[in-house]
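Me: I am new to this structure and would like a close look at a single part of it. Please take one sheet, with the helices that lie against it, and go through it step by step.

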Amino acid sequence: MTSEQRVVVIGGGLAGLRLAQRLGPAAAVTVLGEETHVPYNRVLLAEVLAGRYAPEVTALPAPGPVLRRGVRAVRVDRADRTVRCDDGTVAEYDTLVLATGSNAVLPPLRGLFEPEGRDLPDGVHAFRTMDDCLALSAAVRPGIRAVVIGGGLLGVSAARALAARGAQVVLAQQGERLMERQLDAESSALLATHLTDLGVEIHTECRVRGLITSAPPGRNPASPAFEERGPGRSPGSGGARGQRKVTGVELADGYRLEADVVVLACGVRPRTGLAQAAGLEVRKGIVVDDHLRTSDPRIHAIGDCAEHAGQVYGLAGAALEQADALAALLTGEPTQYAGTRALTRLTLGGAENGSLDLAAFGETTPLPGDDVVRLADATRRTYRKVVLRGDRLVGGVLLGELSTVGALARTWEGEESPHDLFHLLTDDGGH
């Protein structure tokens with residue numbers, strides 16, 4: 001690749017900007033970013049909502065003139081190798097990279113939308129973008145009644161942040177336990193205890209059936225729909241709001257919870273609309289090979305929108321690894337992307353309430369024949385568990401004390417035999 005090669009990146013988030021940074025002067029790079037905000041680290045949005053960070057603290061390194069902010073790609077013409085944008089401009093490419101990220105999942109709740117409308121009721125918020133975060137933050141005040149729908153990583157983070165702002169928080173999780181994709185039963189129970197101590201009321205195995213809303217008479221809440229909404233265009237965030245006002249949620253058993261604010265934290269879905277319209281192969285995400293190429297060899301995909309070997313990661317670590325691998329490939333280095341061994345890490349609570357750190361990696365649920373080692377201290381609320389398959393560390397969960405997580409993760413990532421497991425699990429194991 002030479003500086004004359006035109007690389008167009010659709011997506012101004014972590015993956016797209018990391019790729020542009022890594023390519024540097026090796027190519028003529030243009031990044032099309034939909035959001036008008038300065039690029040930010042999405043991982044820190046919960047800290048902004050909690051009031052611990054100002055929005056500017058989340059800013060990513062300045063990308064310079066390669067980034068065009070507030071520009072939405074609307075069509076990819078593979079024959080002409082062009083990208084058409086919503087402002088009427090056309091970007092020509094030799095290599096195109098899709099880093100379009102993901103959308104918040106909006107669950108099929110009764111009363112979420114009016115017929116033919118796509119505006120959320122007032123008081124109902126997705127929690128995915130900076131606009132979502134700022135709109136939700138503006139609605140929160142001490143004593144407000146907030147219902148968070150979803151008990152995964154996003155829902156737990158939102159519930160903790162709202163509690164830190166003095167809201168009365170109810171968290172409704174359809175599954176059996178919190179963060180069931182990352183945590184085992186014991187660590188999930190410790191997490192639930194911690195959130196309860198922060199004032200969060202938790203309901204598991206609890207399905208929300210619909211929203212209860214009120215609407216001023218004589219007003220029409222309907223508005224045109226976006227076919228696929230991207231960053232900065234989430235329903236109910238930063239745009240025209242529906243005239244209805246949420247007053248509560250109805251559970252599947254008929255029980256009703258009053259609510260001034262409802263947060264939809266039901267996961268994310270890869271944004272694949274552009275790729276599908278361009279005729280690229282799409283399954284769960286945009287399918288890529290070990291060179292992060294799509295079914296069109298001139299088009300690559302990285303980050304939340306990409307599916308490699310059947311896996312869509314949706315994690316910052318994977319996005320950065322893919323961006324680095326693609327930059328190396330585009331500059332001629334003989335390398336391949338072999339997948340990411342992802343570690344989830346989260347800090348809950350501020351110093352005033354006591355914090356809880358947690359980390360999870362690999363396979364936390366053992367298979368028949370696996371060995372499991374646990375160390376738990378109920379007084380200190382610490383919990384450590386590792387899963388061994390033969391002489392190999394295949395996963396683990398740590399809560400309350402993470403000094404050993406670095407050593408454990410290195411052993412897991414390197415697929416090495418743990419020589420002194422007790423040392424790895426005790427407090428000085430990471431030093």
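Reply: What follows describes one sheet and two helices in a predicted model.

The sheet is open and has five strands, in the order β3-β2-β1-β7-β19, with parallel pairing. In general, strands of a sheet pair through backbone hydrogen bonds, either parallel or antiparallel. β3 (67-69) and β19 stand at the edges of this sheet; each has a single partner strand, so one side of each is left without a neighbour in the sheet. From one strand to the next, the twist averages 20°.

At the β19 edge, β7 and β19 run parallel and are joined by three bridges. Leu98 has Ala301 in β19 as its bridge partner. Helix α1 packs on the sheet, where it touches β1 (6-10), β2 (28-33), β3 and β7. The direction of α1 makes about 165° with that of β2.

β7 and β19 also take part in covering a second helix, α7. This helix spans residues 316-330, which is 15 residues. From its first C-alpha to its last it reaches 21 Å, close to the 21 Å expected at 1.5 Å a residue. Its buried residues include Ala318, Ala319, Gln322 and Ala323, and also Leu326, Leu329 and Leu330. Among the elements that cover the buried residues of α7 are α1 (14-23), β7 (95-98), β19 (299-301) and β20 (306-308). Helix α1 therefore appears twice in this picture: it packs on the sheet, and it helps to cover α7. Just after α7, Gly332 takes a positive phi of about 95°.

Conventions: Residues are numbered from 1 along each chain as its sequence is written. This is a predicted model: local features need pLDDT of at least 70, side-chain atom pairs count only at pLDDT 80 or more; totals for chains, interfaces and linings use all residues. Side-chain values use heavy atoms; hydrogens and water are left out. Helices (H or I, at least four residues) and strands (E, at least two) are DSSP runs, numbered from the N terminus. The expected span of a helix is 1.5 Å times one less than its number of residues. Buried means under 20% relative accessible area, exposed over 50%, partly exposed in between (1.4 Å probe, protein chains only). Contact means heavy atoms within 4.5 Å. Two strands pair if DSSP finds at least two bridges between them. Axes are lines fitted to C-alpha atoms, for helices over the stretch in contact, and angles run from 0 to 180 degrees between N-to-C directions.
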